[in-house]
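Me: I am new to this structure and would like to understand the reasons behind the words used to describe it. Could we go through them one at a time?

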Amino acid sequence: QPTSCQHPAYHNYMVSTSPLVIYLENFLTPEEQRHLQVITQVCQFSYTIFSSVSDQAGVQGQRETRTSQSTNVERDEIVRCIEERALLFQGFDTPRTHLEPLQLVKYGTGERYHFHTDWFTNAAQASSVVGGNRQSSFFAYVSAENITGGGTNFPMVKAPHDSRWCDFIDCDEPWENGVTFRPIVGNAVFWSNLLDDGTGDQRTLHAGLPVTSGSKIGMNIWTRQGALSEDIRGKD
Ligand SMILES: O=C(O)CCC(=O)C(=O)O
Ligand SMILES: [Fe+2]
């Protein structure tokens, strides 16, 4: 653990036990948020990810599932601190080699990320040479300027009921839509992607809802089942 790390006093709130979903308040310090915001300004982002899907007639084709832009974050002192925090949150048994490079995602007005799971349905993307599948995800909110919309919706996770949750989730969302986390800067959502047998948990389906005004930056922290090679992870 680098000695210069800040240690935010973040709070954890259990959202759901199956799938396991935990809400983290103040997961990123203000300095870390600023650092990631600056990186966002200087980094090359790539637009739109196309994924291969089959339509109702079973025809394979390319469909735009993501209109957000994303980039991997280069590891520096501050990024390493965030990585260490994400590892430690998962207990003492997860080696840092299981972490993918952190990924920033940005959305302008009108942009969104359609429903998807973070775990791969395509076996080639989840093979042991690439560390297996994605065991867990953190999605942290790095910036949300004058935002409306842009929540993170899990249609198959039951929304908790206590009114204190309304600080963090969209309490106007009809219950049949599951739970929608509001994009609150510094906070994060953690969840487990895989069932005990290592197969993907369908109930982790989620979307980045359309940003109806303003803009949003988020960050993915993905932990694999196994180790990633240095050419994927980069030097420690
Ligand atoms: O933008 C969001 O709220 C969710 C983004 C997401 O799920 C992802 O990047 O995998
Ligand atoms: Fe996702």
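The questions and replies below concern a predicted model.

Me: What makes one stretch of this model a part to be read with caution, and which residues are they?
Reply: The protein averages a pLDDT of 91, and 90% of the residues score at least 70, but over residues 50-62 the pLDDT stays under 50. Where pLDDT is low, the predicted coordinates should not be read in detail. For residues 50-62 the model has 12 contacts beyond four places in sequence. For the complex, the predictor gives an ipTM of 0.99 and a pTM of 0.92.

Me: How do you know which residues belong to the domain, and what is the chain like there?
Reply: The range comes from a record, since an unreviewed UniProt entry carries the annotation "domain: Fe2OG dioxygenase" for residues 97-225, and such an annotation may be inferred rather than shown by experiment. In the model, residues 97-225 are 0% helix and 41% strand, with the end C-alpha atoms 10 Å apart.

Me: What makes a residue part of the shell around ligand 1, and which residues are in it?
Reply: The test is a C-beta atom, placed from the backbone, within 6 Å of the molecule, and the residues that surround ligand 1 are Val-105, Tyr-113, Asp-118, Phe-139, Thr-152, His-206, Gly-208, Gly-218 and Asn-220. By class, this shell has three nonpolar, five polar and one charged residues, and the strands β11 (206-208) and β12 (211-224) each supply at least two of its residues.

Me: Why is Val-157 called buried?
Reply: The cut-off for a buried residue is 20 or more other C-beta atoms within 10 Å, and Val-157 has 22 of them, so it is buried. Its place is in the loop between β8 (152-154) and β9. Leaving aside neighbours within four places in sequence, Val-157 is in contact with Val-15, Ser-16, Pro-19, Val-21, Gly-178, Val-179 and Arg-203. One of these, Gly-178, is 21 residues away along the chain, yet the two C-alpha atoms are separated by 5.1 Å. Another, Pro-19, is found in the loop between β1 (11-17) and β2, and a cis peptide bond, with omega about 0°, joins Ser-18 and Pro-19.

Me: Why is Asn-26 called partly exposed, while Asn-146 is called exposed?
Reply: A residue with 12 or fewer C-beta neighbours counts as exposed, and one between that and the buried limit of 20 as partly exposed. Asn-26 has 15 such neighbours inside 10 Å and therefore counts as partly exposed, whereas Asn-146 has 8 and therefore counts as exposed. Asn-26 lies in the loop between β2 and α1, and Asn-146 lies in strand β7. Asn-26 has a positive phi of about 65° although it is not a glycine, and phi of Asn-146 is near 45°, which is also positive.

Me: What makes a group of residues a nonpolar core, and which residues have the most contacts inside the largest one?
Reply: Its members must be buried nonpolar residues joined through C-beta atoms within 7 Å, and the largest such core has 39 residues, with Leu-104, Ala-140, Val-142, Ala-188 and Val-189 having the most contacts inside it. Several elements each supply at least two residues, including α1 (30-42), α2 (77-89) and β10 (188-192), while β7 gives the most, with seven. Not counting residues up to four places away in sequence, Val-189 touches Val-21, Tyr-23, Phe-139, Thr-152 and Phe-181.

Technical notes: Residues numbered from 1 in each chain as written. Chains lettered and ligands numbered in written order. Predicted model: local features only at pLDDT ≥ 70, side-chain atom pairs only at ≥ 80, totals over all residues. pLDDT = per-residue confidence, 0-100. Contact = placed C-beta atoms within 7 Å. Helix = DSSP H or I, 4+ residues; strand = E, 2+ residues; numbered from the N terminus. Nonpolar A, V, L, I, M, F, W, Y, C, P; charged D, E, K, R; others polar.
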